[in-house]
Amino acid sequence: DNNWAQVCMTLDRSSGELVVIMNEDCPSFRDCEGTLYGSVMPDCAGLCGGSALTGDMNNNEGQDKADVPAYLSAILEKDITITPCNDLNGDEKLTVYDAALLSDCVNFEQGHLHPNNEIHSHCDFPYGVLNTNHNVNLVINALNPDDKYVDISIRNPDSDVVGYQFTLKGVQIQQLESLVDIQKYPAMLQANMATGEIIGLSLQDSTIAKSRELQPLIRVHFTDYTDDFVCLESIIDVVNRSYQQVTTKILGNCMAAIISDVEDITENRSVRIQPNPFRQTTTISFNNPNHEDYNLVINDL
């Protein structure tokens with residue numbers, strides 16, 4: 001508990017191979033207080049011997065479950081300064097990946113024992129891996145103008161998914177509904193109504209099972225359209241079951257939210273268009289006592 005040893009080495013890869021050079025002249029280690037072989041270290045805020053912890057969003061000097069939803073809110077509202085204390089993967093951005101890493105830390109903590117009897121910590125930050133061999137696709141699968149909802153599907157052939165974050169444009173979001181079995185993937189869902197940014201994350205280490213086929217992910221209920229098209233604008237992050245970032249791609253990112261208006265052309269006859277304007281169908285009726293043939297010309301949207 002109180003013995004110390006130290007070694008200094010240089011790792012040289014200039015030759016194309018790793019060469020380890022042991023350094024005989026090695027200055028003795030001192031902690032941040034200057035104590036020889038001391039154990040006092042700077043905290044994440046840089047304060048020597050300080051108590052600040054990475055991921056402690058509510059500043060209660062602990063990493064706990066209450067910090068994870070606080071992360072999600074801060075990520076969506078963009079109202080927090082990014083620092084080494086909250087940027088858990090050190091990429092100078094806050095996304096669902098940071099929240100997922102903290103959730104993993106809270107669930108498994110320090111000294112987690114794996115089946116192969118290896119012990120390691122899930123709370124040593126900064127930490128993060130981008131797995132370019134794992135790919136996830138998102139797509140707008142359905143747009144229902146009558147019941148006012150958009151369905152998003154996911155294809156994740158390489159790994160189960162823990163969390164996701166994307167931006168949906170073209171609708172005013174009202175409510176989110178997970179389409180994944182709640183028993184298998186109880187997800188915390190949050191959205192920024194103004195920006196259309198949506199986050200889904202399991203706080204229980206539950207996952208969306210991997211699938212080579214598209215499977216339902218989330219239903220976004222909305223109050224109205226904000227554009228002529230409803231689009232998946234971007235995928236910000238997707239996290240796999242190993243708590244790694246994966247590569248992502250949007251499939252067919254837009255659907256038309258058609259809002260049509262028909263100009264009445266009477267030409268001395270009564271023309272009725274009901275409803276007008278309309279989104280999908282309307283009825284055009286007029287007097288035609290001689291059963292004449294007429295052409296309907298659609299000029300543009």
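This is a short dialogue on reading a few features of a predicted model.

Visitor: Let's start with helix 2. How many of the residues of helix 2 are buried?

Guide: Buried means under 20% relative accessible area. In helix 2, 11 of the 13 residues are buried, so by that cut-off the helix is mostly covered. Among them are Val96, Tyr97, Leu101, Leu102 and Val106. Polar residues are on the list too, including Asp98, Ser103 and Asp104.

Visitor: What covers the buried residues of helix 2?

Guide: The cover includes helix 1 and several strands. Those strands are strand 7 (161-169), strand 10 (197-202), strand 12 (229-240) and strand 13 (245-251).

Visitor: How should I picture the faces of a helix?

Guide: An α-helix has 3.6 residues a turn, so residues three or four places apart point the same way.

Visitor: And what span should helix 2 have?

Guide: Use 1.5 Å a residue. Helix 2 covers residues 96-108, so its expected span is 18 Å. The end C-alpha atoms are 18 Å apart, which agrees.

Visitor: What happens just after helix 2?

Guide: Look at Glu109. Its phi is positive, about 55°.

Visitor: Now helix 1. Is Ala70 buried, partly exposed or exposed?

Guide: Buried stops at 20%, and exposed starts over 50%. Ala70 has 28% relative accessibility, so it counts as partly exposed. Ala70 sits in helix 1, residues 67-77. Its C-alpha atom is 31 Å from that of Asn141, 71 residues apart along the chain.

Visitor: Which residues have the most contacts inside the largest nonpolar core?

Guide: A core is a set of buried nonpolar residues joined through side-chain atoms within 4.5 Å. The largest one here has 30 residues. Val150, Ile152, Phe166, Leu168, Ile198, Leu217 and Val230 have the most contacts inside it. Strands 5, 6, 7, 8, 11 and 12 each give two or more residues to this core. Strand 11 gives the most, with 5 residues.

Visitor: What does Val150 touch?

Guide: Leave out residues up to four places away in sequence. Val150 then touches ten others by name, among them Ile140, Leu168, Ile218, Phe222 and Val230. One charged residue, Arg219, is also on its list. A second, separate core has 24 residues, including Ile75, Leu76, Leu88 and Val106.

Visitor: Last, the surface. Which residues make the nonpolar patch?

Guide: Val7, Met9, Leu11, Leu18, Val20 and Met22 make a nonpolar surface patch of about 560 Å². Strand 1 (8-12) and strand 2 (19-23) each supply at least two of its residues. Leu18 lies in the loop between these strands.

Note on methods
Residues are numbered from 1 along each chain as its sequence is written. This is a predicted model: local features need pLDDT of at least 70, side-chain atom pairs count only at pLDDT 80 or more; totals for chains, interfaces and linings use all residues. Side-chain values use heavy atoms; hydrogens and water are left out. Helices (H or I, at least four residues) and strands (E, at least two) are DSSP runs, numbered from the N terminus. Buried means under 20% relative accessible area, exposed over 50%, partly exposed in between (1.4 Å probe, protein chains only). Patches are made of residues with over 30% relative accessible area and no salt bridge: like charges are joined within 9 Å, nonpolar side chains (Val, Leu, Ile, Met, Phe, Trp, Tyr) within 5 Å. Accessible areas come from the Shrake-Rupley method with a 1.4 Å probe; for residues, only the protein chains shown count as cover. A salt bridge is a side-chain nitrogen of Lys or Arg within 4 Å of a carboxyl oxygen of Asp or Glu. The expected span of a helix is 1.5 Å times one less than its number of residues. Contact means heavy atoms within 4.5 Å.
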